[in-house]
Amino acid sequence: MTFELSPEHEQFRRSVRDFAEAEIAPHAAQWDRDHHFPTDVVQKMGALGLMGLTAPEEFGGAGMAGEDGGFTSLCLAIEEIGRVDQSMGITLEAAVGLGINPILTYGTDEQKKTWLPELVAGEKIAGFGLTEPGAGSDAGATKTKAVLDGGEWVVNGAKQFITNSGSDITSLVTVTARTGERADGRPEISTIIIPSDTPGFTAEKAYDKLGWHASDTHPLSFSDARVPESHLLGERGRGYAQFLATLDDGRVAIAALAVGCIQACLDMSLQYAGERQTFGGPIGRKQGLAFQVSDLQVMLDASRLLTYKAAAMKDAMDAGASSVTTASFKQAAAVAKLYATESAVTATRIATQVFGGYGFMEEYPVVRFYRDAKVLEIGEGTSEVQRMLIARGLGLPVE
């Protein structure tokens, strides 16, 4: 298997970069200061086709099957958007990977026809309700409950840190909930589609976050929220497994967002190192600084290779290739996510140091990337979880 991008992929990358530089880059700092979620730009991303890269043509998508590299294209788009604004990068990642993907993968024909066209077009977005106040990495500790009553699911509980969940264009959130108990006493966890206008479903006040200020993130509460029984997504009792599979794809997409962050740090550092003058010359001639910028290039190349290796494996799986197993993809996704996100955090620290005192001033974008980077090591599974998964993939009985 080769991980070299095709000419079509490179052309696609350039088109997304042009869009990002024209429509997002000039406004990203102001959106960040205002904590503004630009729904019009999100919808422009949809009009460009970015939300539909992995969806079939019948729902308005690009119809890019595995052999066409649809998932790799999505990762390229996330990287290029994230290169100018991490908030819009995570918005795209969550809209597709966490909003569209569960319905596309596990939905009935009727559910797909009902929800996907608007989501694929980017006219609406959807959220992914897994994390709770007492259930993050331990997602099996879900407390939210759903009980069947008169042909309807009655949902009670709460979710937190949910992206794309409370905007003006949010159409639904898919949530995990306890729907019963298994014979061995463990909870039966299922996935249920809850439209945003459902009585009893409340998107609470948006979080005041360290970073990703232009991203839409809310805690959610459910108080006797009733939806039809047909809103069960996938097989009853398989909700936990469905969301774990969803997170595998998401980890590669987050790694792509981290690659965009590292690329931005390298770009900013190179420009500043060539312009900033000290002691009669540019600071880039000093080994202490130049060597750190060289480290950025190494981290970028390694992170990009790991990420697009994993993306290529995902596309190969979707194309039916027998050479890639679910286990091997899970391992590659965890490796890419761990290395790329931890490298991104390091890259922002290096870039901030390159800028010196100016790196502490909000007028410079390096500050925004510094704030945005940390959550990359947390979302879609923490670094600790990735190390646990990698160790298990190596055959170690780690807990």
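Biologist: Which residue follows α9, and what is the sign of its phi?

Modeller: This is a predicted model. The residue after α9 is G356. Its phi is near 60°, so the sign is positive.

Biologist: How far apart should the ends of α9 be, and what does the model give?

Modeller: α9 has 30 residues. At 1.5 Å a residue, the expected span is 44 Å. The model agrees, because the end C-alpha atoms of α9 are apart by 43 Å.

Biologist: Is F360 buried or exposed?

Modeller: F360 sits in the loop between α9 (326-355) and α10 (365-373). With Y358 and M361, F360 makes a nonpolar surface patch of about 350 Å². Exposed means over 50% relative accessible area. F360 has 71% relative accessibility, so it counts as exposed.

Biologist: Where is H35, and what is its phi near?

Modeller: H35 lies in the loop between α2 (28-34) and α3 (39-47). H35 is partly exposed because its relative accessibility is 38%, and the limits for that class are 20% and 50%. H35 is a residue other than glycine, yet its phi is positive, near 55°.

Biologist: Which strand holds D224?

Modeller: D224 also has a positive phi, near 50°, and is not a glycine. Its relative accessible area is 48%, so D224 is partly exposed. The strand, residues 217-228, is β7.

Biologist: What is the strand content of residues 128-224?

Modeller: UniProt lists this span, in an unreviewed entry, as "domain: Acyl-CoA oxidase/dehydrogenase middle". Its end C-alpha atoms lie 19 Å apart. Helix is 0%, and strand is 53%.

Key:
Residues are numbered from 1 along each chain as its sequence is written. This is a predicted model: local features need pLDDT of at least 70, side-chain atom pairs count only at pLDDT 80 or more; totals for chains, interfaces and linings use all residues. Side-chain values use heavy atoms; hydrogens and water are left out. Patches are made of residues with over 30% relative accessible area and no salt bridge: like charges are joined within 9 Å, nonpolar side chains (Val, Leu, Ile, Met, Phe, Trp, Tyr) within 5 Å. Accessible areas come from the Shrake-Rupley method with a 1.4 Å probe; for residues, only the protein chains shown count as cover. A salt bridge is a side-chain nitrogen of Lys or Arg within 4 Å of a carboxyl oxygen of Asp or Glu. Helices (H or I, at least four residues) and strands (E, at least two) are DSSP runs, numbered from the N terminus. Buried means under 20% relative accessible area, exposed over 50%, partly exposed in between (1.4 Å probe, protein chains only). UniProt positions are given in the numbering used here, feature names are shortened, and annotations may be inferred rather than shown by experiment. The expected span of a helix is 1.5 Å times one less than its number of residues.
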